[in-house]
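Reader: I have a model open on my screen and would like to go through the terms used to describe it. Could you set each value against its cut-off for me?

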Amino acid sequence: MSDRVIEFREALREAMSQEMRRDEKVFLLGEEVAQYDGAYKVSRGMLEEFGPRRIIDTPISESGFAGMAIGAAMMGLRPIVEFMSWSFSLVAADPILNNAPKMLYMSGGQFGCPIVFRGNDGAGGQLGSTHSWCVEGMFSNVPGLKMAIPAFPDDAKGLLASAIRDDDPVFFLESERLLAMKGHVPEGDHYVPFGKALVRKPGTDVTIISFGRPVHFCLEAAEELEKEGISCEVIDGRTIRPLDLDTIVASVKKTNSCVVVDQSWSFGSPGSEVAAQVHAACFDDLDNHVMRVHSADVPTPYASNLEQEYLPNARRIAEAVRSALYVA
Amino acid sequence: MSITLTMPRLSDTMEQGTIIKWNIKEGDEVASGAVVADVETDKATMEMQVYDDGVVARILVDEGTQVPVGTAIALIAEEGEDPSSVDDAPAAAEPAPTEAPAAEAPVSAEPVTAAPETPAAPAAPPASTATGDGRRIKVSPVARRLAEEHRVDLAAIAGSGPGGRIIKRDILEHVERAASAGAVGGTVPVPLPSVEPGAIAVPVIREVPALESTEVEVSGMRQTIARRLVESKQTIPHYQVKMCFAMDAILDLRASMNEKLAAEGVKLSVNDFIVRASALAMAEHPMFNASWAGDRILVHNRVNIGVAVSLSEERGGGLVVATIRDANLKSLRMISAETKSLAGKARDRGLATEEMSDATFTISNLGMFGVDDFTAIINPPNSAILACGAAIEKPVVRDHQLAVGWEMAANLSLDHRVIDGAMAARYLATLKSMIEEPMRLLA
């Protein structure tokens, strides 16, 4: 493991710069990514290194620049599209959902779409309902795309590098709340394969699966539950599509209990999908039905206390674990 | 209206029986008193009679099948009834009421040496989803799987989950309790080792050589021994008190009596003397002829000494306790004759219920196998059992001198709810004085 500690946002930058140095077809476009170093300073200094032809400031027109990037990808380039927030991608739903993921299929294999859409996803902290979207619920529903959702800085670099090299459209979901998080990140080439979940904390009594920021809530809950004598195995899914069911199943067969934690709304979500697949694969191994912890089924509240309560926080996860284990 | 034959209760501890052989087939006429089947109970194989006349309409249970007491096993068409019209599905038969008095028939003290070489798991019914009354059992999938693996009867478990759902914890606790009692032969799965932090979770399976066990089907008797002795050892607070008896005098007396009585076909064993001594000692020590009855003690007025009889291994092994009734009123030669007769019958064709029930104190003797000392498990509802080893010639101290003499170890197992240590010591002292001055046993 590298001794070097950097921020999550720097890890993202390293992945992009590394791939842009390696492959001149890779370029970054989005609002304020060049002159302003990115709204969240993810692309700081990249304009200097790669110049304005490869680090491109766009107008505030997601549908336009997303569509343009898809065209570029179809013609052989490898664009990285930064959405300041995934909430703003909704106006680009037609190109990113109706074109990119279907292109290979609809063109009979003539056009691929090797593109990365990346940006902040989920409640960023009092951003209000319209700017707090968790798009994994809606977008993971679409066949043809891949979806990565890192929870730690090393995965931010490794998964983004793999995303840029992937020949399919990748929806890359970051969290504003994690951008300043520091962690050990390998220098030089670092790739994390898609479809390989990671056991963040081994345990014996219950399997907790999550993706992205809520993985941290799970680890917090696990620490709390440990004091009660409950040993939680926390799995970081890392990618939602493809989903690493094998790692999850191996764990559930060991623990016989499963809690899925997902920051999107519960109805038709990655959480409900994982629960359904676990029920199918582990039916005879379960001691209780799979429990799910999601964001509350309401628009994201603005008030800070309500937002905290709305999220799948550690307290709600701990309650679900106790319930899954028939404890009190 | 047809008559339903049900599995009869042929002993007071019988809960299920096996039809060993049907003597009838469908269409046969039967008359009251006819022996229609041989039934293996928990103790013995017994004949089953019918008490009505009629025609056998249906045989409902195949030979070799074990069913609970009260289960319908055959239908008899009454006179004038068409056997072919008898409904296949008999009305739910109530279990036959027990007619015998509720005294527990004894099984025996079970010395560990008598355990079979390959302990087989008791054949528990498969995990079912309904109780006897048809109520659906709620059980989590993994609990169901574990119950099957450990051969646990779900109907016997109270679920602790919502709505009484049986969950993993309930099964594991049940198995643990049973395992600590030594009653379950199944294996407990070894928990998987933890995955190193940060490593990808791959299932780690540690290869261990299989045991390659052979399953031995257990007889009704073996099941009863297992059940009763687990119950005894789990519920009775056992403790042991041992005393050694000088056997020189009794061996001399026995030799001389046997020599003089040989012409009459009498051959007394050491055990006959012990049976008589144990019985006579009850006059002074009534608590040794008693039973713990939950909130009181029943002191029995009759002294019935149970003698453990081992059965030959060729015939499936096991053991029964033959009852010498009113042993305190019987002479040595009566005790000897009765013991021989019962032991022979037990080994040849099995004892009748009344020949095995109502013992109030039990003796287990392994002296004939050369065992010098062992302890026995109390035979409920007795409150004591005497385990005797062999009379052994050994260096002894007599009158402050080292000498060669004969000694026998007598080991009492006691129910501390009924008998305290000092009482046990006094009982053994009485026995010792009788054995060491054996003329007292002749009167």
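Author: Gladly, and let us start with angles: those under 35 degrees count as roughly parallel, over 145 as roughly antiparallel, 65 to 115 as roughly perpendicular, and the rest as oblique. Please keep in mind that this is a predicted model.

Reader: What makes α9(A) and α10(A) oblique to each other?

Author: The axes of helix α9 (residues 245-255) and helix α10 (residues 270-281), both of chain A, cross at roughly 60 degrees and come within 10 Å. An angle under 35 would be roughly parallel, while roughly perpendicular runs from 65 to 115. The crossing angle falls in neither range, and α9(A) and α10(A) are therefore oblique. As for handedness, α9(A) passes α10(A) in a right-handed crossing.

Reader: Which residues make the contact between α9(A) and α10(A)?

Author: On the α9(A) side they are A:Leu245, A:Ile248, A:Val249 and A:Val252, and on the α10(A) side A:Val274, A:Gln277, A:Val278 and A:Ala281. By class, the residues of this contact divide into seven nonpolar, one polar and no charged.

Reader: Let me turn to burial. Why is A:Arg238 called buried?

Author: A residue is buried if 20 or more other C-beta atoms lie within 10 Å of its own. A:Arg238 has 26 such atoms within 10 Å, so A:Arg238 is buried. Its place is in the loop between β11 (232-236) and β12 of chain A. The phi of A:Arg238 is near 65 degrees, a positive value in a residue other than glycine.

Reader: And what makes B:Asp326 count as partly exposed?

Author: Exposed needs 12 or fewer neighbours and buried needs 20 or more. B:Asp326 has 13 C-beta neighbours inside 10 Å, so B:Asp326 counts as partly exposed. B:Asp326 also has a positive phi, about 50 degrees, although it is not a glycine. You will find B:Asp326 in the loop between β13 (319-324) and α6 (332-348) of chain B.

Reader: How do you know whether B:Gly33 is buried or exposed?

Author: The same kind of count settles that: the limit for exposed is 12 or fewer. B:Gly33 has 10 other C-beta atoms within 10 Å, so B:Gly33 is exposed. B:Gly33 sits in the loop between β3 (29-30) and β4 (35-40) of chain B. Its C-alpha atom is separated by 5.4 Å from that of B:Val50, which is 17 residues apart along the chain.

Reader: Where does B:Val50 belong among the nonpolar cores?

Author: Let me take the largest core before that. The largest nonpolar core has 115 residues, and those with the most contacts inside it include A:Val81, A:Ile208, A:Cys218 and A:Val321. Helix α8 (residues 214-226) of chain A gives the largest share of this core, seven residues. B:Val50 belongs to a second, separate core of 82 residues, which also includes B:Met7, B:Val55 and B:Ile76.

Reader: What is A:Ile208 in contact with, leaving aside its neighbours within four places in sequence?

Author: Among its contacts are A:Cys218, A:Ala222, A:Val234, A:Val259 and A:Ile317.

Reader: One last item: which peptide bonds are cis?

Author: Among them is the bond from A:Arg241 to A:Pro242, with omega near 0 degrees. A:Pro242 lies in the loop between β12 (239-241) and α9 of chain A. Another cis bond runs from B:Pro380 to B:Pro381, with omega near 5 degrees. B:Pro381 is in the loop between β14 (361-365) and β15 (384-388) of chain B.

Conventions
Residues numbered from 1 in each chain as written. Chains lettered and ligands numbered in written order. Predicted model: local features only at pLDDT ≥ 70, side-chain atom pairs only at ≥ 80, totals over all residues. Axes fitted to C-alpha atoms, helices over the stretch in contact; angles between N-to-C directions. Helix = DSSP H or I, 4+ residues; strand = E, 2+ residues; numbered from the N terminus. Left-handed = near helix turned anticlockwise from the far one by under 90°. Contact = placed C-beta atoms within 7 Å. Nonpolar A, V, L, I, M, F, W, Y, C, P; charged D, E, K, R; others polar. Core = buried A, V, L, I, M, F, W, Y, C linked by C-beta atoms within 7 Å.
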